[in-house]
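Visitor: I'd like a close look at one part of this protein, please, and then a walk outward from there to see how the rest is arranged. Take your time and keep it connected.

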Amino acid sequence: MNSLPSEIIACVLSRLPIRTIVICKHVCKRWLDILSAPEFAKCHLSLSNPGLITHQFEEEDLWKVFEFEDVLELQNHDLHYNLVNKFDPRSFITSPDARIVIEGSVNGFLFLRDFGTRLDSLYICNPITREYIALPQPKFVVQNAYNSHYGFGLSSISGQYKVIWNNYHETRSCSNLRRNSVECLVYTLGTGSWRSVALGGPIQTLRSSMGVFLNGNLHWLAQDFNGYHLISCFDLETEIFEPFSPLPPYPRIFPDSRSLVVLQDCLCLCEYSTWDTIVIWMMKDYRVNESWSQQYVIPIMFRTTYETMYPIKVFKDGDILILWEDFELFFYSNKSKSSRKVDGFEMVHYSGWTEATLHTSSFVSLKSLCGENVGIF
């Protein structure tokens, strides 16, 4: 191994599981230098596949990161995974009333929001490098905002990581009539400040909280002032809201129970088609309205009311991992056309609050983006 060029060693080691790579850092100083270099982090990220991050409120404070094993011959996907890491964001989010949720995940970075305070506190962290930053509070944000929606993504050309904060509040006109106002703020990692950008359209409300990142853009379910439902799109490079696409031509049974997700690198809409069935629409060609296709029809065998379903991953054999509102994870078998609750990923079946989202673990350092303002947890 000593005779191999560093580039070859990095290429070989980048294909190992995350925990094995961490162990390899202790083999010798040369390997530590190779595995700590930005070039290795970039190489490893290019080969990485999305895993899963989970958190169950009131169960414990630990958040858990997993790698999937996704091959066709697997029978039960929840029994084939590797635990990558456990961490506790309360080690750097110290508010005694902290209520922490995930608002986005890009290239190993998690975007977290603490809504336990009067004005949301926002953080970016990397669970593998154990680095974090606290985003500053905007100086000009409206304090009495009644609704806020967020997004986190990577601009397609400049490669800048940006956080979007859509802030809804009430104002009064000259005639003392109430009306809803919206402001959009952008924070670019490494700049230390927020900027205000034009909303760019008659959007009345964003129906989903988390912006869905795909192809350098963030997407939200929205409606205009006429009540027309649509998808709102924000270009992270130009920082402009653009018209994107109408929703698939299907009757809206429970419009507040829809979700927008990314499956197999395609934008997808999940909604109820009947009282006990959900459908997953897939836009197979990005930005082509005619490419919406009804990809899956899934009977719902357990629920109490019409909660939102969030499809997370389609496995190679067609099975789908789905988050049922914020209650539990379940698998839908495309072969047997049946569903079952997840028995793995160290999940505990209870009636509390469950979070789960795709997350690609990486060694990309926040210090390369934010310099000296990065903390370690």
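Guide: Happy to. A strand here is a DSSP run of type E with at least two residues, and strands are numbered from the N terminus. Please keep in mind that this is a predicted model. Let us start at Ser 121, which belongs to strand S6, residues 121-126. Is Ser 121 buried or exposed? Its relative accessibility is 14%, and because buried means under 20%, Ser 121 counts as buried. Leaving aside residues up to four places away in sequence, Ser 121 touches Leu 112, Arg 113, Asp 114 and Gln 137.

One of those contacts, Leu 112, leads us into the largest nonpolar core, which has 51 residues. Leu 112 is among the residues with the most contacts inside this core, together with Ile 124, Phe 152, Val 163 and Leu 189. Val 163 gives a good view of the surroundings: beyond residues up to four places away in sequence, the residues it touches include Ile 124, Phe 152 and Leu 189. Phe 111, Leu 135, Gly 151, Leu 185, Val 186, Tyr 187 and Trp 194 are also touched by Val 163. There is a second, separate core of 19 residues, with Leu 263, Cys 268, Tyr 296 and Ile 322 among its members.

That second core brings us to another part of the chain. Four strands there form an open antiparallel sheet in the order S17-S18-S19-S20. Its edges are strand S17 (259-263) and strand S20 (292-299), each pairing on one side only. On average, neighbouring strands of this sheet are turned by 30° against each other, direction ignored. S17 and strand S18 (residues 266-274) run antiparallel and are joined by five bridges; in S18, Leu 267 is the bridge partner of Val 262.

Now for a strand that is well covered. How many of the eight residues of strand S14 (residues 217-224) are buried? Eight of the eight are. In a regular strand, side chains alternate between the two faces of the sheet. Both faces of S14 are covered: Asn 217, His 219, Leu 221 and Gln 223 are buried on one side, and Leu 218, Trp 220, Ala 222 and Asp 224 on the other.

S14 takes part in two hairpins. Strand S13 (residues 212-214) runs antiparallel to S14 and is joined to it by three bridges, with Leu 214 opposite Asn 217. Two residues lie between the strands of this hairpin, and Asn 215 has a positive phi near 55°. S14 also pairs with strand S15 (residues 229-235), again in the antiparallel sense and over seven bridges. Here Leu 221 has Ile 231 of S15 as its bridge partner. Between the strands of the S14 and S15 hairpin there are four residues, and Gly 227 takes a positive phi near 85°.

Another open sheet of four strands has the order S3-S2-S1-S25, with antiparallel pairing. Strand S3 (81-87) and strand S25 (354-359) each have a single partner strand, so one side of each lacks a neighbour in the sheet. Neighbouring strands of this sheet are turned by 25° against each other on average, direction ignored. Six bridges pair strand S2 (residues 63-68) with S3 in the antiparallel sense, and Phe 66 stands opposite Leu 83 in S3.

Finally, the helices. In helix H3 (residues 29-36), the buried residues are Trp 31, Ile 34 and Leu 35. They lie on the same side of H3, because they cover an arc of only 90° around the axis. They pack against helix H1 (6-13), helix H2 (18-24) and helix H4 (38-47). H1 tells a matching story from its own side: Ile 9, Ala 10 and Leu 13 are buried. Because their arc around the axis is only 100°, they lie on the same side of H1. H2, H3 and H4 are among what covers the buried residues of H1.

Stepping back to the whole, the protein has five helices and 26 strands. Of its 377 residues, 51% are buried. Among contacts between residues at least 6 apart in sequence, 51% join residues at least 24 apart. The accessible surface comes to about 17,500 Å², and 52% of it belongs to carbon and sulfur atoms.

Notes: Residues are numbered from 1 along each chain as its sequence is written. This is a predicted model: local features need pLDDT of at least 70, side-chain atom pairs count only at pLDDT 80 or more; totals for chains, interfaces and linings use all residues. Side-chain values use heavy atoms; hydrogens and water are left out. Buried means under 20% relative accessible area, exposed over 50%, partly exposed in between (1.4 Å probe, protein chains only). Contact means heavy atoms within 4.5 Å. Accessible areas come from the Shrake-Rupley method with a 1.4 Å probe; for residues, only the protein chains shown count as cover. Two strands pair if DSSP finds at least two bridges between them. Axes are lines fitted to C-alpha atoms, for helices over the stretch in contact, and angles run from 0 to 180 degrees between N-to-C directions. A nonpolar core is a set of buried Ala, Val, Leu, Ile, Met, Phe, Trp, Tyr and Cys residues joined through side-chain atoms within 4.5 Å. The arc is that of the directions from the helix axis to the C-beta atoms.
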